[in-house]
Structures are given as C-alpha cells and as structure tokens.
Number of protein chains: 2
Amino acid sequence: MSDARSTSRSTRSGDMAGQMAQAAGDSGRGAIIAAAADCFMEAGYDATSIDTVADRLGATKGRVYHYYRSKAELFYDVYRRGMAINLSTIEPIVKNDLAPREKLAVMCRAHVRNMLEHLSYQRVVMQGVEMHLAGSTTPAQREKLALLMKERERYEGLFRLVLVEGRDQGVFHFSNASFASKAVLAILNNPVLWYRRRRGDEKTAREEIVETFTGFALNSVAAGANSN
Amino acid sequence: MSDARSTSRSTRSGDMAGQMAQAAGDSGRGAIIAAAADCFMEAGYDATSIDTVADRLGATKGRVYHYYRSKAELFYDVYRRGMAINLSTIEPIVKNDLAPREKLAVMCRAHVRNMLEHLSYQRVVMQGVEMHLAGSTTPAQREKLALLMKERERYEGLFRLVLVEGRDQGVFHFSNASFASKAVLAILNNPVLWYRRRRGDEKTAREEIVETFTGFALNSVAAGANSN
DNA sequence: TTGTGATCATACTACCGAGTATGTTGTCAA
DNA sequence: TTGACAACATACTCGGTAGTATGATCACAA
C-alpha cells in the first residue's frame, strides 16, 4: 500500500542543487527514464527487457519495478517526457506576437533542434505512434496510448493554429489545415530517422539540417505556387 | 536438402490460371506473404507470432516453416514485396521523357497511391526502417536488413535523379539533393501513418489525399521562394 | 505398385523475459 | 532504540513463442 509508485516524492525540499539536469523530474524516476530512453532507442521497445534498462543503471529489476508497475508504464513515461520537451519549447513561441510566417519559421527551427538534441526521446515518440497503429494487446493499454496520442494531436494543433492564421493573411496556401500540419511535421520529423550524433562540435552540421528542413517545411505551405 | 525453402518452384508450367492475383509471386509463398503483411500491419512484428499468421491462413506453423527458415526471413520477404511494388511503379515513370516538374508530379501521385492501395506492405516497410534503426540482435540479420535498406536508398535515388535534373533546369531549388529527396518522401509517406480504408467507393477521398500531398511535396522543392 | 519427394499437420522442446514474492539495508521520527 | 517505511537486491514462477522433429497425405514417375 505504501508504495513509491503512487507517492509523489518531495525530493527533500531545499535540495534543489545536485540536479544534474540531464534528466530532470523527480529524482529516482529521472535516471530510470533516461536509461530507458536510451535502451528503447537503441534496441526498440520489445527487444528491450527490464533487465537491460536495469543493467544500464548499474542496478537490477527491483529498482525499476519499485517505481513502475509495468514495462508499458515506463515506456509511457518516457513518451510523456519527450512530448513535454516539445510542448514546453513550442508553446511559448506560439504566444509571441510574431507574423505567422516568421512565427512558423521559429517553431520549425526549434522543433528540428529538439529532434536532434533529444534524439532518444523523439525516437520513443515515434515508436509510440507505431505502437498505436499496431494493436497494443490489452484494452487498458490502448486507452493509455490514446491519451498520449491526444498530447501529440495537441502539439500538432499548435502548428495548425499558426498555419491557419497565415492562410487568412495570405502568406500560406492549402485547402486542408490538418493535412498541412501533418505535411510540415512529417518534414521536420524526418531527421530523426537517420541523424546520428557525431564526435566533437558538429554544431554547424546540426544547424545546416535545421535550416534546410525548416526551409522545405515553409516552402511546402508557402503561397505563390499553383498547387492545391 | 531437398527443401522447398531453396528450390525455386516452377508453379507447374502452364498453370497460369487460378492466380487470384491478389498476392502474386510463386504460389505457396504468395498467400503466406499476404497474410503476414496483414498481421504485421495490425499487430506489429514482435506481437505477431508465426501461429498468428498460420491461423489467418487457416493453416498451422508447419506450412509457414516449410517455406521460411525463420520469422525474420518471412518479414524480409514481405518487405521486399512492398519495395518491389513501389519500384515497379516508379521506374517506368523515370524512363519517360517528361519535363522534370511534370515527371516528379506523376511520380508523387503514383507513390501516394501505392501507399494507400498497399497499406499493409507499406507499413511493413516502415517497420523495417524502425527495425534497422534499432539493433536487430544478430549480425546476420543486420546484414540482411542492410541489403533491404539499399533497395530503399535506390528508390530514393530515383526521386533524387529527377530532383537534380529539375534543379539544373531551374524549376526546383535546394542545396542538398539527399535532404530534398528525404523531405519529399517524408511528405508522401505520411498518409501511411493515419490512413484507414473506408467502406464503399472512397475513390474520391483517396484522390484528394493524393493530390494534396503531392502538392505539398512539389511545393517544398519548388523554385521561386526565398529559402535555403 | 512402389517409392520418392513436396506439402503440409502434430507434438514437443527450450528459452527468454515480464511480473511477483520476499529479503536486506539505510534513514528518520518519536 | 526501535519501529516503520523507503529504496532497493535476490530469487523465483510462469506463460508465450521460436524453432525442431516427426508423422501423415498426395501426386507423379518409373
């Protein structure tokens, strides 16, 4: 009954220091989430056993199951973390009062940077989508996944918002806003499928990817062409 | 030694009739491939057991293992079939002597139609990419997967070819041809992630998707904008 | 008619991994 | 100092599934 899985730990209030920040959140779960993200990214959901995650932590199953009721819930938490990263990046930008075209540009750049920066989490998000397309066995898990997908749709909605605003002002052009947002995000997400971290400071290489794919995304919905 | 797994069956020369055509190829494997494609699409690779595939065939494991040495090889064959469908559709178009812009348009439309028409196979192709990103355990399987990825790259190369040709003529604009082809295909593949077959004649709905996403793809690399 | 091989079905093994049950240690509070 | 509980580690169960071994039919060929 008195189970850490349900108690929202207080992290000993006042001990904000020592937070390596690499994986924030409530200490305890944080390290597990980070390790799981790496494992899921490298081997995929099914091929990753709880023992694998534990090994990476230098621990055993006991530690993981102390915080998570099941493997699926651990996965969900990693997914949520990934979406949280994305949402916390984009939402402030949407609130700015930039012109639609510039606002979308900033959003696109930020999104691609997130893809490259937090690769493991983003790959987990992709796996979550695949998992949803497939039938995650139990109905209970389907509901959970459905909730996560709502988060994703909400994220997509932020882009749709700016797109529609831009269309009204004549800077964008498309017939179906939902399709447009999907197309834009499809481009921006693409690097997740092939990007790999390099040694040294490949900052310039990353920025090239950011600029290039942002350019494609903006072009795809730009007004002035003769399509749609 | 005398194993059906290695002998290229002759299909009893002269018996070309009775080919339901729904799943061509050498009779025997054909039905298995089709059933496997459906299963993989509905439940994903790991969640699909050989027994699941056999059940759908109204048969047992014995039949599947008679033609395939392992579950992985069955998957590879489904993947190959999917890529074969795509290649056989696009290659003739590339050989035509259309102007780059029109040629690309035709290619895009054909590609999206394939996505919608052969959904199960295309989803398997996507899973193959994910599988390659993850680490398919044994080195032997990694090699096999690497070969399949070469096929995919070759397919992408067909698009790259037309894109470069168009850039030389000034109708397309981009700095990195590889990135451009990835962006275009990212858009065109997107419907696979959410499209579902409907009842009745949804031909018009499908064609709307085809036209819309083709439009986005063409726009993304169109010359005339101020990006890149 | 016999035997040979293709085409399956049946029955079995072997293992891996999710989940559980329980033990151990440290810490804090009263 | 002594419970009480958090935070793990250890040891086990148990179901599902890939792969195998073997048996049963059937067609066709000699």
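**Figure 1. B:Thr212 is a buried residue of chain B.** The model shown here and in the other views is predicted. B:Thr212 has a relative accessible area of 4%. That value is under 20%, so the residue counts as buried. B:Thr212 belongs to helix α9 of chain B. B:Leu188 is 24 residues away from B:Thr212 along the chain. The C-alpha atoms of the two are separated by 9.7 Å.

**Figure 2. Helices α5 and α9 of chain B pack against each other.** Helix α5(B) covers residues 100-117, and helix α9(B) covers residues 203-220. Their axes are 9 Å apart and make an angle of about 135°. The two helices are therefore oblique to each other. α5(B) passes α9(B) in a right-handed crossing. On the α5(B) side, the contact is made by B:Arg101, B:Leu104, B:Ala105, B:Cys108, B:Arg109, B:Val112, B:Arg113, B:Leu116 and B:Glu117. On the α9(B) side, they meet B:Arg206, B:Glu207, B:Ile209, B:Val210, B:Glu211, B:Thr214, B:Ala217 and B:Leu218. By class, the residues of this contact divide into nine nonpolar, one polar and seven charged.

**Figure 3. Helices α5 and α8 of chain A cross.** The axes of α5(A) and α8(A) come within 9 Å. The crossing angle is roughly 40°. That makes α5(A) oblique to α8(A). The crossing is right-handed. α5(A) contributes A:Cys108, A:His111, A:Val112 and A:Met115 to the contact. α8(A) contributes A:Val184, A:Leu185, A:Leu188 and A:Asn189. Six of the contact residues are nonpolar and two are polar, with no charged residue.

**Figure 4. Helix α1 of chain A is largely enclosed by the rest of the structure.** The helix runs over residues 29-43. Its 15 residues should span 21 Å at 1.5 Å a residue. The end C-alpha atoms are 21 Å apart, which agrees. Eleven of the 15 residues are buried, so the helix is largely enclosed. The buried residues are A:Arg29, A:Gly30, A:Ile32, A:Ile33, A:Ala34, A:Ala35, A:Ala36, A:Ala37, A:Cys39, A:Phe40 and A:Met41. Within chain A, they pack against α2 (50-57), α3 (61-67), α4 (71-95) and α6 (119-133). They also pack against α6 (119-133) of chain B. A:Gly44 follows the helix, and its phi is positive, near 85°.

**Figure 5. Helix α9 of chain A has buried residues covered by elements of chains A and B.** Helix α9(A) takes in residues 203-220. The expected span of its 18 residues is 26 Å, at 1.5 Å a residue. Its end C-alpha atoms are 26 Å apart, in agreement. Buried here are A:Arg206, A:Ile209, A:Val210, A:Thr212, A:Phe213, A:Thr214, A:Gly215, A:Phe216, A:Ala217, A:Leu218, A:Asn219 and A:Ser220. From chain A, their cover includes α5 (100-117) and α8 (177-189). From chain B, the cover includes α8 (177-189) and α9.

**Figure 6. A:Ser220 is buried and touches residues of both chains.** A:Ser220 sits in helix α9 of chain A. Its relative accessible area is 0%. Residues up to four places away in sequence are not counted among its contacts. On that basis, A:Ser220 touches A:Val184 and A:Ile187 in chain A. In chain B, A:Ser220 touches B:Ile187, B:Phe216, B:Asn219 and B:Ser220.

**Figure 7. B:Arg154 is a partly exposed residue of helix α7 in chain B.** The helix covers residues 139-168. B:Arg154 has a relative accessibility of 39%. Partly exposed lies between the 20% and 50% limits, so B:Arg154 falls in that class. Leaving out residues up to four places away in sequence, B:Arg154 touches B:Leu87 and B:Glu91. B:Leu87 is 67 residues from B:Arg154 along the chain. Their C-alpha atoms are separated by 9.0 Å.

**Figure 8. Chain A has nine helices and zero strands.** From the N terminus on, its elements run α-α-α-α-α-α-α-α-α. The chain has 228 residues, and 49% of them count as buried. Consider the contacts in chain A with a separation of 6 or more. Residues 24 or more positions apart account for 69% of these.

Key. Residues numbered from 1 in each chain as written. Chains lettered and ligands numbered in written order. Predicted model: local features only at pLDDT ≥ 70, side-chain atom pairs only at ≥ 80, totals over all residues. Heavy atoms only, no water. Axes fitted to C-alpha atoms, helices over the stretch in contact; angles between N-to-C directions. Helix = DSSP H or I, 4+ residues; strand = E, 2+ residues; numbered from the N terminus. Parallel < 35°, antiparallel > 145°, perpendicular 65-115°, else oblique. Left-handed = near helix turned anticlockwise from the far one by under 90°. Contact = heavy atoms within 4.5 Å. Nonpolar A, V, L, I, M, F, W, Y, C, P; charged D, E, K, R; others polar. Expected span 1.5 Å × (residues − 1). Buried < 20%, exposed > 50% of the residue type's maximum accessible area, 1.4 Å probe, protein only.
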